[in-house]
Each structure stands twice: as structure tokens, then as C-alpha cells.
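Let's take a friendly look at a protein together. Have the sequence and the 3D view ready.

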Amino acid sequence: MRNLKYVGLALAASLVSVFLWFNPLPSPASQPTVQVQTEPALSQVIPDEASVRVALQAVDPMGQPLSDVRFQLQLLTPAKTPWFTSDFPIVEGTKLLELNAKAPSGKLEFEQVMPIRGNYMLKAQVTPLVAGAFEPFEQSLKLSVPERFVKYRNAAILIGILILVGGVSGWIIGGDQTVQDGEIAPQPIRLLLSAVTVLAIAVLLFVNISAELASAHAREETQTTTTLSVQRSQDLEIRLSGDQRATVGRLASQTIQIFNAKTGNPEVNVIVNAKSIALEDNKQMFAYQGSTDDQGKLTWNEQFFDGAPHQVIAEVTPPNGVALQVSHEVEVERIEPPLYIRFISLSYYTGIFALSLLAGIWFHRRSSRSSILFSR
């Protein structure tokens, strides 16, 4: 009986071990962390399209939300990729956003347009608003944004055209190139050059007409809301200040400051809705709802990567009053990408065309030799 008892205990221990092996218990984190959610999901985000809502939640080691939190955020764009550059190479490896915000519930939300595909780095420093409530900590989060499908499709179409044109051109050049009397070049070569000239003219016309139509469309949609950068009501005075000239690739600072209109003292914990609008297509690039600090200020730094005029808008609704809105326009200096980046892309397509051309010549001559051998 005793042996059977030991066998039963060993069997039960084995079953428990097997169960735990396939169903491990969740291990609590050893320190507070930041959880992040996005809307839409990162796999569905389209670069330089609609803004993405990013929600951060600070939680304790047991996964419970922390309260009375201050976030210091930095959102960095993907690292430079010189061999496979994005649509905005100047933006690569730069800071897109800096935000210092209070979060009484431990949750922080903002909206931001992601300009390029790649891995963004979101660095969060979390400190308590009440000293000693928890140990400050830092965390880096990766946000992976996929490339537009249309970019792959267009690249595949262009590569296919280059392979086709290069192969056909090589086939023609690899043929009989006997120059007749009075001709400066063989007839196949002259026909090929004529076709290439007509194709180049058609491409240039298409590119220039498309650029002109896009420019005219942008001019039609550009509109500015005329709102003062200082507004005053019976109780509040709101001031919007900051950089009104910005450069692509660099952060520009914006500050909202709110005073008591009667006493001149700063107003603390006033809710502010801030956003920036790209005026070329009237698109929202950034949005955030926060509260003023002990100095009555709300400050953030953002990069205007679009290289076009923007309008920064802030709105405050007093408890017993009409909403106040302040705004100002930001002129943005566009920075053209370095020449070597354009040469890199050009070299890829030139190499594909050259290889296709050589392949066409090789196939034609190989075919000609095979025909001669069979004829013998």
C-alpha cells in the first residue's frame, strides 16, 4: 500500500508538471511599465496618411493602473536607411515629437501622423506627481509602421517596364547591324532611338502635367482660419506663443499660457485641446488634450515634416463661459534630400535596365548561333 501511495504522488506530481509546462503561470513584472495601444492597429497604419491615436497607460508591477503620473515623451522617427530610403529622407533619424504632460489617471493620449514607414522609437520617462508614490522609471517602446502597398506596386510596375524595354532594346542591338550606304546608323538602331525619344517626351509631359495639377489643387485647398494668438474673456486670458518659422527635420516649440484675467495669476489644471493642421490639404497632423501646469502653461515640441505652412490651434472652454480659441500660422522651410540619395535610387533602376539590355543582346546572339548550327 505504501508503494502505491508513493506511485500515486509521483504520478500526480508528473501530471501537475506537464500541465504547468503547457500552461505556465503569468509572471508579474518586476517594476512598473508603460502599455501602449494604437488606433488603428500599427499593421493598418499608412505612412503620411491619417493621424494615429496613441494611448499610453502606466501600470504597477501587478498590472494595475498608476495614478498621478507625469509623462516625458520623445517620439523618434526610424533610423536612416541610405540604401532603401523613404519618401522623406530628411525626416529619418530625427525627433518627431516631445511632450511633457500630466496624467492624473495614468493614461496619456495623443494623435500623430507617421510620415514614413519603419520602426519608430517612443521613449517614456514616468515620474510621480506625488513624491514617493512610486519609483520613477524609463521605457522605450517600438512602433513598427509598414510601407504603403502602392509603393511596392508602383516599384514592381516600373521594374517590369525597365526589364521589358531593356530586353527588347538588347534584342534589337544584338541583331544584324550592317550600315547601308547613306545611313549613319543601322535601321533597327534608328527605330529604337526614335521609340525611346517618343517615350521620354511622353514621360516628361506626364510628370510636368501631374505636378502642375497637384500644385493647383494645393493652392485651391489652402485656407487659413483667422484667429488671434491672444484671447480674453471675463475670467481667462489665453496666449499662444512659440516658433512661427520651422524647418523640416527639426522640432518647433509651441506654448499655451493661461492667466486669470482679473488677478493675472496663472490658471492651473485647465484643459486645453491643441492641434496642428497642414494647410495645403487641411489635414490634422497632431492633436493632444492636456492640462496646464503650475505656471499655467502647456508646452510641446513637434516637427512639421510636411514642408508646408501649418496652423497651430488651441481651444479652452471655461467652466461658465464660451470656448476661446487661439491660433497662429507656422511657415515651414522645406529641405531637399541630398543629391547622393537621388543617385542611389537612379543607380538601382539604371542597373536593372543595363542588365536587361545585356540579357537581350546575349539571348539574341545565342539564338542566332543556334539557328546557324541547326541550318548546317
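Here is a short tour of a few residues in this predicted model.

## A nonpolar surface patch

Start at the surface, where Trp-83, Phe-84 and Tyr-348 form a nonpolar patch. Together, these residues have about 400 Å² of accessible area.

One member of the patch, Tyr-348, sits in helix H4, which covers residues 339-375. Tyr-348 has 33% relative accessibility. Because partly exposed residues fall between 20% and 50%, Tyr-348 counts as partly exposed.

## Thr-81 in its loop

Now find strand S3 (69-76) and strand S4 (95-103): the loop between them holds Thr-81. With a relative accessible area of 29%, Thr-81 is partly exposed.

Which residues does Thr-81 touch, leaving aside those up to four places away in sequence? The contacts are Ser-86, Glu-92 and Arg-117. Take Glu-92 as an example: Thr-81 and Glu-92 are 11 residues apart in sequence, and their C-alpha atoms are 7.7 Å apart in space.

## His-364 in helix H4

Go back to helix H4, where you will also find His-364. Is His-364 buried or exposed? The relative accessible area of His-364 is 16%, and buried means under 20%, so His-364 is buried.

His-364 also has contacts with residues elsewhere in the sequence. Not counting residues up to four places away in sequence, His-364 touches Trp-171, Gly-174 and Gly-175. Try picking out each of these residues in the 3D view, starting from His-364.

Terms used
Residues numbered from 1 in each chain as written. Predicted model: local features only at pLDDT ≥ 70, side-chain atom pairs only at ≥ 80, totals over all residues. Heavy atoms only, no water. Patch = residues over 30% accessible without salt bridge, like charges linked within 9 Å, V, L, I, M, F, W, Y side chains within 5 Å. Areas by Shrake-Rupley, 256 points an atom, 1.4 Å probe, with all protein chains shown as cover. Salt bridge = Lys/Arg side-chain N within 4 Å of Asp/Glu carboxyl O. Helix = DSSP H or I, 4+ residues; strand = E, 2+ residues; numbered from the N terminus. Buried < 20%, exposed > 50% of the residue type's maximum accessible area, 1.4 Å probe, protein only. Contact = heavy atoms within 4.5 Å.
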